[in-house]
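This report concerns a single protein chain with a bound ligand. Please keep the sequence and the three-dimensional view at hand while reading.

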Amino acid sequence: MSNSTDELFKNVISHCKEYGFVFQSSEIYDGLSAVYDYGQNGSELKNNIKTYWWKAMVQMHDNIVGIDSAIFMHPTIWKASGHVDGFSDPMIDNKDSNKRYRADQLLEDRIAKLDEEGKTSEAEELQIEMDNALKAEDLPRLRELIIEQNIKCPLSGTANWTDVRQFNLMFSTQMGAVADDADVVYLRPETAQGIFVNYLNVQKSGRMKIPFGIAQIGKAFRNEVIARQFIIRMREFEQMEMQYFVRPGTQKEWFEKWKAARLKWHLALGTDAAKYRYHEHTKLAHYADAAYDIEFDFPFGFKEVEGIHSRTDFDLSQHEKFSRKKMQYFDPELGEDGKPYGNYIPYVIETSIGLDRMFLLTMINAYEEEDLSTEERQDSRTVLRLHPCLAPVKAAIFPLTKKDGLPEKAREIMDKLKLDFNIQYEEKDAIGKRYRRQDAIGTPFCITVDHQTLEDNTVTIRHRDTMAQERVAADDLEKIIGGLVSW
Ligand code: ATP
């Protein structure tokens, strides 16, 4: 049994590999740092999380539609959005260990240490100095502070530091055959810009009226320097984002609505509410007028899973400026003064959730090492108590033995069910072992076909969570499974 959160996390990671959920990318070449592949069960679970999000955001709202924009976009988009100049971290290298650190992180750690030692005024002073240096983008000052504080590299133990340099998090590559600057394109670091630059295309072609939303699920890429904690911080990951376009002046109200709605979405999966909390951003980005994170209590502490941001009209105004195309919306509705609202650039509320963090959260939440020992014998099982809608496999079908026509009967039942559900057929090993394998991937139902099935067309259905078994008519299976796993 896992007795510490550290151990729990390690066990979940190895479970992910052992049962085909997540593999290190390029493993046979010793892996590629902070890049992961999803296996046969992981990709099913991931798809189910996407479906849950898409249904909640797009299908359930008649004023929200989805798009799928390209990963490559015109490079000027990233100038307009501020990513070329601003999407970077201040980094410093230790000359002895050749290890690279985020300069602000080294100072944050130092501030926390001073606080711990009760040196509060020193901590406060350093915090102010650091904030000022960051705001002024004064990189030499950041280095000075690190030297003044005599901060040492945890690896080499020395304070032999290089200069601080800005390190942009965007991956770039070349488009076309000629490698000059004009051809540089970026792998998008967020999906949101694909929505902003298409907002009028969608609005006009879909005759959308404000307020309306555009949703998108897609890959994003960030050259994270400090990659750690498994799939929490990856270099290639997936986001599920929605931009909600509203009338200026109404953004506060919509922000509150989306903040509440998004937490409700998380809790509807049955997660303990105490595992979630909101975190308010006090230091807002220059374009935001409110920002909250939804954080989850991972084994290594609370960590952001989703951000809800009130982004004002910043992005659309920037695109108007850089593209020289009008980004205004014409609002024909009448205001209190009886006149149409007319032309304006909408304000935007964004909800942005990391699919991979949601995946990890789901695995950690579902994972249980259950003690089944009785007085007579010790026993245990690892079970994934996934919400049935998210389970990769909805039901497994087992012929009791490999003979007497049982496999054929089992396959006949499976052929009917597989039109609606992802079903797995298994005939190897004893039934008990097969149950354990399905528990480990979170399959809600196991169906056993035995000799009685050939006589009366009934089967045994075993429930994952209670392990209770019952005899039911094979013809009722579709209804029973559907009742639990349908959205
Ligand atoms: P963090 O502060 O943890 O780096 P962020 O504030 O940069 O996250 P956003 O830019 O708001 O994150 O992105 C929205 C969501 O995308 C995050 O809430 C997170 O779930 C996810 N995300 C961001 N960066 C990564 C990453 N490197 N790997 C996996 N998911 C990520």
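The sections below go from the whole chain to its sheets, a helix pair, the ligand shell and one residue.

## Basis of the report

The structure is a predicted model, in which local features require pLDDT of at least 70 and side-chain atom pairs count only at pLDDT 80 or more, while totals for chains, interfaces and linings use all residues. Numbering starts from 1 along each chain as its sequence is written.

## Overall chain

The protein chain has 16 helices and 23 strands; helices (H or I, at least four residues) and strands (E, at least two) are DSSP runs numbered from the N terminus. Its C-alpha trace spans about 80 × 70 × 50 Å along the principal axes.

Of its 487 residues, 32% count as buried, that is, with 20 or more other C-beta atoms within 10 Å of their own; 12 or fewer would make a residue exposed, and values in between partly exposed, with C-beta atoms placed from the backbone. Among contacts with a separation of 6 or more, 63% join residues 24 or more positions apart. Two residues are in contact if their C-beta atoms, placed from the backbone, lie within 7 Å.

## The seven-stranded sheet

One open sheet has seven strands in the order β3-β9-β10-β16-β13-β12-β11, with mixed pairing; strands pair if DSSP finds at least two bridges between them. At its edges, β3 (64–67) and β11 (276–280) each pair on one side only. Neighbouring strands here are turned by 25 degrees against each other on average, direction ignored.

Strand β12 (residues 290–298) pairs with β11 in the antiparallel sense over five bridges. R277 has E295 in β12 as its bridge partner.

## The five-stranded sheet

A second open sheet, of five strands, follows the order β20-β19-β21-β22-β23, also with mixed pairing. Because β20 (423–425) and β23 (469–473) stand at the edges with a single partner strand each, one side of each is left without a neighbour in the sheet. β22 (residues 458–463) and β23 form an antiparallel pair over five bridges, in which I461 stands opposite E470.

Helix α13 (residues 406–417) packs on this sheet and touches β19 (395–399), β20 and β21 (445–449); its direction makes about 160 degrees with that of β19. Axes are lines fitted to C-alpha atoms, for helices over the stretch in contact, and angles run from 0 to 180 degrees between N-to-C directions.

## A helix pair

The axes of α5 (residues 103–116) and α7 (residues 139–148) come within 10 Å and cross at roughly 35 degrees. A103, L106 and L107 in α5 meet L142, L145 and I146 in α7. The residues of this contact comprise six nonpolar, no polar and no charged; Ala, Val, Leu, Ile, Met, Phe, Trp, Tyr, Cys and Pro count as nonpolar, Asp, Glu, Lys and Arg as charged, and the others, Gly among them, as polar.

## The ligand shell

The ligand is surrounded by 16 residues, of which M234, F237, G307, S352 and G354 are the closest; a residue is near the ligand if its C-beta atom, placed from the backbone, lies within 6 Å of it. At least two shell residues come from each of β10 (236–246), β13 (301–310), β16 (347–354) and α12 (355–366). β13 gives the largest share, four residues.

By class, the shell divides into four nonpolar, four polar and eight charged residues.

## A buried residue in β1

V22 lies in strand β1 (residues 22–24) and counts as buried because it has 26 C-beta neighbours inside 10 Å. Leaving aside residues up to four places away in sequence, V22 touches C16, K17, Y36, Y38, G39, G42 and I231.
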